[in-house]
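Open the model in your viewer and keep the selection panel at hand. The tour goes from one DNA strand to the other, then to the chains and the domains.

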Number of protein chains: 2
Amino acid sequence: MKRTGGSAKNVDVAEPPSSTEQRLMEAAGALFASKGYSAVGIREIAREAGLTIGSLYHYASSKEDLFLKLMRRNYARVTARAREAAATGSTPAERLANLVRAHVLAEVSDSEVWRLNRSELEVISPEARAELVALRDEFEQIWRRVIEDGVADGSFAPEDPVLARFSIIQMCNGVALWYRPDGRLTLDEISDVISRQALALLRAG
Amino acid sequence: MKRTGGSAKNVDVAEPPSSTEQRLMEAAGALFASKGYSAVGIREIAREAGLTIGSLYHYASSKEDLFLKLMRRNYARVTARAREAAATGSTPAERLANLVRAHVLAEVSDSEVWRLNRSELEVISPEARAELVALRDEFEQIWRRVIEDGVADGSFAPEDPVLARFSIIQMCNGVALWYRPDGRLTLDEISDVISRQALALLRAG
DNA sequence: GTCTATAACACGATAGAC
DNA sequence: GTCTATCGTGTTATAGAC
């Protein structure tokens, strides 16, 4: 949006794939995810994005604001994918398996969202924290509804649906901790195994 | 160890329960766990422990050294508890359930160990990182052996034993993220549920 | 929209008195 | 073993030229 594009030529390059803001977000995401919010300085982010600090502050009013913009963008993406996955499939078991697969795959591309959900929230302002917690809750409700549907129609029988949801999401998030592209299993294989683990847990745990 | 104790009186107070070093470690552990390694300054740690920065450096040669000492101490504790739990019980299923219960309980008291296992390792020196990774691996081997025993005697049939181990440990670690003492379930109830989830996962996932 | 320069302050660490 | 004082550097953020 915005994108005034001062120059006359409105050629069909259809939005440059790497605008400055895009590069900034990607640099910030990669750095935050690998070292954590507090360990990353704005100088480092700016350098990685090919900007100076002064220019960085044109896109975000503070380091926290930059973090928040990044997290909003990534939550929007993973939540959209989750909604789509949860709507695909005729049975709760199929829908949950799709959800798990989508989430494991999203993990690797948008791992910032989950890696930064621990200590980082203790560091930022209460207002920012509240917003991020709300986004996380919105995401988790998608899972809650699928599990509830499965309980209602008898295909799931978890001892405690809430704890089952926590454990399953936690299992998925864990993949980002050890996954390496050159590992023993492909990401597709991993997401398949995890989805069956989740179903096993919902049927008996 | 060391503990020269320059003063003459070797009275039987049997080591004060809250020595300065103890207080320092507790303060550092609580702060590191809640905000992350990078977000905590040595000033804050010193203040919380009731010391000045100068005194803090009498107990550790650097911030990283302090972190390392803390993590060694906590890993020793959780690993010892895990070993004990894994040795208690006649069947692999019982031993694994004990392991899960012990780990979930340890989570809350020594949560630093697990909370600091992500981005923090990217921030510290390679030598320190290698040592902590080795301690984590040692801990995970305890789980690996129990799972292998269960596979060998046919009581477990996980699709992928390694992924099952990762997921189960991840499930346990997740408890520390949301557990509150005034919550719906007690820690004992939670650890029981998680242990059954783990068994469900090992039998069919 | 990007830059240079810098303000204002916190950081980890050290020296040396007691 | 604890303190005060301080060094050098890094931090986030801002001002203002272009």
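A polar contact here is a pair of N or O atoms within 3.5 Å; within protein, one atom must be able to donate a hydrogen and the other to accept it, and residues adjacent in sequence count only if both atoms are side-chain atoms. This is a predicted model, in which local features need pLDDT of at least 70, side-chain atom pairs count only at pLDDT 80 or more, and totals for chains, interfaces and linings use all residues. Residues are numbered from 1 along each chain as its sequence is written, chains are lettered from A and ligands numbered from 1 in the order in which they are written, and side-chain values use heavy atoms, with hydrogens and water left out.

**Stop 1: DNA strand C**

Select B:Val40. One of its backbone N or O atoms lies 3.4 Å from a phosphate oxygen of DNA strand C. Next, pick B:Tyr57. A side-chain N or O atom of B:Tyr57 is 2.8 Å from a phosphate oxygen of strand C. Then cross to chain A, where a polar side-chain atom of A:Thr52 sits 2.9 Å from a phosphate oxygen of this strand.

Now colour by helix (a DSSP run of H or I, at least four residues; a strand is a run of E, at least two; both are numbered from the N terminus). α3 of chain A, together with α2 (42-49) and α3 of chain B, are the elements that give two or more residues to the surface near DNA strand C. Which element gives the most to this surface? It is α3(A), with four residues.

Show everything near the strand, meaning residues with a heavy atom within 4 Å of it. There are 15 residues around DNA strand C, and A:Ser55, A:Tyr59, B:Ile42, B:Arg43 and B:Tyr57 come nearest. On the DNA side, sugar and phosphate make up 55% of the strand C atoms that come within 4 Å of the protein.

Colour by class: Ala, Val, Leu, Ile, Met, Phe, Trp, Tyr, Cys and Pro are nonpolar, Asp, Glu, Lys and Arg are charged, and the others, Gly among them, are polar. The surface near strand C has six nonpolar, seven polar and two charged residues.

**Stop 2: DNA strand D**

Switch to strand D. Of the 15 residues around it, A:Arg43, A:Tyr57, A:Lys63, B:Ser55 and B:Tyr59 come nearest. Zoom in on B:Tyr59: a polar side-chain atom lies 2.4 Å from a phosphate oxygen of DNA strand D. At A:Lys63 a polar backbone atom is 2.7 Å from a phosphate oxygen of the strand. B:Thr20 places a side-chain N or O atom 3.2 Å from a phosphate oxygen of strand D. α3(B) supplies the largest share of the surface near this strand, four residues.

**Stop 3: the two chains**

Superpose chain B on chain A, by least squares on the C-alpha atoms of residues with pLDDT of at least 70 in both. The RMSD is 0.1 Å, after a turn of 180° and a shift of 0.0 Å along the axis. The two copies are therefore related as by a two-fold rotation axis.

**Stop 4: the domains of chain A**

Select residues 15-59 for domain 1 and 68-204 for domain 2 of chain A, bounds that come from an automatic or database domain assignment. Their C-alpha centres lie 26 Å apart. Ten residues from each domain take part in the contact, which means heavy atoms within 4.5 Å.

Finish at A:Met25, A:Ala33 and A:Tyr37. These supply 55% of the area that domain 1 of chain A buries against domain 2 of chain A, more than any other three residues. Buried area is the accessible area (1.4 Å probe) that two parts lose on being put together, summed over both.
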